[in-house]
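Visitor: I'd like a quick tour of this one, please. Could you take my questions as we go?

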Amino acid sequence: MTFPLGTLESSRVGASTRHAPSLHGYDTGLLLLRLALGLTMAAHGAQKLFGWFGGPGLDATGQFFTMSGYPSGRVMAVVAGLSETLGGLGLVVGLLTPLAGAAVVGTMINALAVKWGGGFFAPKGVEYELLLTAGAAALALTGPGRYAIDRALPGLRAHRLAYGVAALLLGAVIAGGVLLVRK
């Protein structure tokens, strides 16, 4: 069907295909976010666990956790380091993305609690931790996109908002429990 140029009908023809969102664009954007956030968190966790990338390692991180009021500082350092490393790597490859995002969010809730009161901006502020928290929560809620291992898993192939919400609630409850044992 053709319409004379300049008519209302001719301007509508193909409008929906011309301005349709690019699913590949969304998926590529989610992949970029997963890589940046996930690699940052995995490297940060490796600093705690192994002393890599100029990090303090388990003993010094454990001492920091003890000084910050956590019982069993070394155990808490292992928990934080594993949450950051495994959560970050899960985000990178898009594996169990809601849970990986929740692991990062839970760790960052504790980091925010420790740093709270130093203002918003660096060097003592929380803007970096808040950005990591928001990014991880966004990935937990939106899912990893098509370029992810989750796409090959039957239960996670089609991401559901409920999965992200449930995972974030779990992460927040566990983070709150950890904060309750902090002095």
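Visitor: Which residues of α7 are buried?
Guide: Keep in mind that this is a predicted model. A residue counts as buried when its relative accessible area is under 20%. By that cut-off, the buried residues of α7 are E129, L132, T133, G135, A136, A137, L139 and A140.

Visitor: And what do the buried residues of α7 pack against?
Guide: Here we look for heavy atoms within 4.5 Å, which is what contact means. Go through the buried set, with L132 and L139 among them, and look for the partners. The buried residues of α7 pack against α3, α5, α6 and α8.

Visitor: How far does α7 reach from its first C-alpha to its last?
Guide: α7 has 16 residues. The expected span takes 1.5 Å times one less than the number of residues, and that comes to 22 Å for α7. The reach in the model is close to that, at 22 Å.

Visitor: Which residue with a positive phi follows α7?
Guide: Step just past the end of α7 and check the backbone there. Phi is near 90 degrees at this spot, and the residue is G143.

Visitor: At what angle do α6 and α8 pack?
Guide: Two packed helices are described by the angle between their axes and the distance between the axes. α6 covers residues 97-115 and α8 covers residues 161-180. Their axes are 8 Å apart, and the angle is about 35 degrees.

Visitor: How many residues of the contact of α6 with α8 are nonpolar, polar or charged?
Guide: α6 brings residues including L99, V105 and I109, while α8 brings others, including L168, L170 and V178. Leu, Val and Ile count as nonpolar, whereas Gly counts as polar, and G106 of α6 and G164 of α8 are part of the contact too. The full tally is 14 nonpolar, four polar and no charged.

Visitor: Is F53 buried or exposed?
Guide: F53 sits in the loop between α3 and α4. Its phi is positive, about 55 degrees, although F53 is not a glycine. Exposed means over 50% relative accessible area, and F53 has 60%, so F53 is exposed.

Visitor: How about S68, buried or exposed?
Guide: S68 is in the loop between α4 and α5. Leaving aside neighbours within four places in sequence, S68 touches V114 and R182. The relative accessibility of S68 is 12%, so S68 counts as buried.

Visitor: Last one: which residues does a cis peptide bond join?
Guide: Head for the loop between α6 and α7, where P123 is found. Omega is about 15 degrees for the cis bond, and the residues it joins are A122 and P123.

Technical notes. Residues numbered from 1 in each chain as written. Predicted model: local features only at pLDDT ≥ 70, side-chain atom pairs only at ≥ 80, totals over all residues. Heavy atoms only, no water. Axes fitted to C-alpha atoms, helices over the stretch in contact; angles between N-to-C directions. Helix = DSSP H or I, 4+ residues; strand = E, 2+ residues; numbered from the N terminus. Buried < 20%, exposed > 50% of the residue type's maximum accessible area, 1.4 Å probe, protein only.
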